[in-house]
Amino acid sequence: MRRNIALVLLGLLSFFSSNAQFIDDWEARPSVSIAYQVNKKLEVEATYYLYLIDNLSRFEKSLFSGELEYEFAPWAVAGLDYRYGTGSGVDYHDLRYSIEFAHPWKSGKWILVYRPTFQQKIKIGVDTDNYLRNKLELNFLLNPKVNLFIFTENYQLIDRGLSFNTQKNAIGGIYSINRRHKLELQFTLKNKRDHKNYARLETAYVFKFGQ
């Protein structure tokens, strides 16, 4: 199994590196979060994101997020995410409504996740942009502390029908230092409807408390 995993990861790295020559811009998105486990089913989280663009040389915006997740079944979680973005462009509000379905197998080592999301970007004085997003993710629990993942996510703009907006592919991992602290590293490739490719480096630190 380890050999197969290594082959899959090498294939993915080869895919990402082969597309690197077509990258139009490198971006970064470090973040820090505080999560509170209200009970076994409900969790709330607050996050600050910093956006860097132009090959990591220029600040684009800050984003503040408040997220709520409720597990209404062992295999399904409903999510509500509100974000406020402010910076060099027009300030905006971002609302996301999602349902995440998870299917574990192989003694829970592998987990297949599907998450549809309805997203609204609201700017004062202009029309609201609505998106339908579909994400398919594969997780592998390497050990009790390390979770590796790969996913692909498609964005469709809703405007008198559906039209392609973005395709996002990512690979990464989550390291749980202990039950309170975890770190996440992710490399993302985004292909947008302007036919440009963007590479993004994402790092995240999460502090969790509560039950």
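1. Rings of Phe, Tyr and Trp, the last taken by its six-membered ring, form an aromatic pair if their centres lie within 6.5 Å. By this rule the count comes to nine aromatic pairs. The structure is a predicted model, and the points below should be read accordingly.

2. One of these aromatic pairs is formed by Y36 and F209. The ring centres of Y36 and F209 are 5.0 Å apart and the planes stand at 35°, so the pair is tilted. The two residues belong to distant parts of the chain, with Y36 in strand β1 and F209 in strand β11, 173 residues apart. Y36 is partly exposed, with a relative accessible area of 34%, and F209, at 34% relative accessibility, also counts as partly exposed. Ring pairs also bring in F207, so that Y36, F207 and F209 are linked into a cluster.

3. A further aromatic pair consists of W105 and W110. Their rings lie 6.4 Å apart, centre to centre, with 20° between the planes, and the pair is stacked. Which of the two counts as buried, at 19% relative accessibility? That residue is W110. The cut-off matters here: buried means under 20% relative accessible area, so W110 at 19% is classed as buried. W105, with a relative accessible area of 33%, is partly exposed.

4. The strand pairing may be followed from β1 onward. Strand β1 (residues 25-37) and strand β2 (residues 42-53) run antiparallel and are joined by eight bridges. The connection from β1 to β2 is a hairpin through four residues. Strand β2 is also joined to strand β3 (residues 58-73), antiparallel to it, by twelve bridges. Here too there is a hairpin, with four residues between β2 and β3, and D54 in the turn has a positive phi of about 55°.

5. L52 is a convenient reference point for a reader tracing these strands. In β2, L52 stands opposite A28. In β3, the bridge partner of L52 is F59.

6. The count of salt bridges comes to eleven. Among them is the bridge between the side chains of R200 and E27, at 3.6 Å from N to O. This pair links distant parts of the chain, since R200 lies in strand β11 (residues 197-210) and E27 in strand β1, 173 residues apart. Both partners are buried: R200 has a relative accessible area of 5%, and E27 has one of 11%.

7. The salt bridge between K168 and E153 is also made by their side chains, at 3.6 Å from N to O. K168 lies in strand β9 (residues 162-176) and E153 in strand β8 (residues 146-158), so this pair ties together parts that are 15 residues apart in sequence. K168 and E153 are both buried. Elsewhere, salt bridges with shared partners join E27, R200 and E202 into one network.

8. K135 and E137 form another salt bridge, with the closest N and O atoms 3.2 Å apart. K135 is buried, with a relative accessible area of 12%. E137 is likewise buried, at 13%.

9. Q119 deserves separate attention. It is placed in strand β6 (residues 110-122). Q119 is buried, with a relative accessible area of 2%. Which side chains make polar contacts with the side chain of Q119? The side chain of D94 does so at 2.9 Å, and the side chain of R133 does so at 2.9 Å. Leaving aside neighbours within four places in sequence, the residues in contact with Q119 are D94, L95, R96, D129, N130, Y131, R133 and Y155. Q119 and D81 are 38 residues apart in sequence, while their C-alpha atoms are 9.3 Å apart in space.

10. The final point concerns nonpolar packing. In soluble globular proteins, nonpolar side chains tend to be buried together. In this model the largest nonpolar core has five residues, namely I23, I171, F187, L189 and A199. I23 is in contact with L189, N197 and A199 when its neighbours within four places in sequence are left aside. Of these contacts, L189 and A199 are members of the core together with I23.

Terms used: Residues are numbered from 1 along each chain as its sequence is written. This is a predicted model: local features need pLDDT of at least 70, side-chain atom pairs count only at pLDDT 80 or more; totals for chains, interfaces and linings use all residues. Side-chain values use heavy atoms; hydrogens and water are left out. Two strands pair if DSSP finds at least two bridges between them. A nonpolar core is a set of buried Ala, Val, Leu, Ile, Met, Phe, Trp, Tyr and Cys residues joined through side-chain atoms within 4.5 Å. Buried means under 20% relative accessible area, exposed over 50%, partly exposed in between (1.4 Å probe, protein chains only). Contact means heavy atoms within 4.5 Å. A salt bridge is a side-chain nitrogen of Lys or Arg within 4 Å of a carboxyl oxygen of Asp or Glu. A polar contact is a pair of N or O atoms within 3.5 Å; within protein, one must be able to donate a hydrogen and the other to accept it, and residues adjacent in sequence count only if both atoms are side-chain atoms. Rings of Phe, Tyr and Trp (its six-membered ring) pair if their centres lie within 6.5 Å; planes under 30 degrees apart count as stacked, over 60 as edge-to-face and the rest as tilted.
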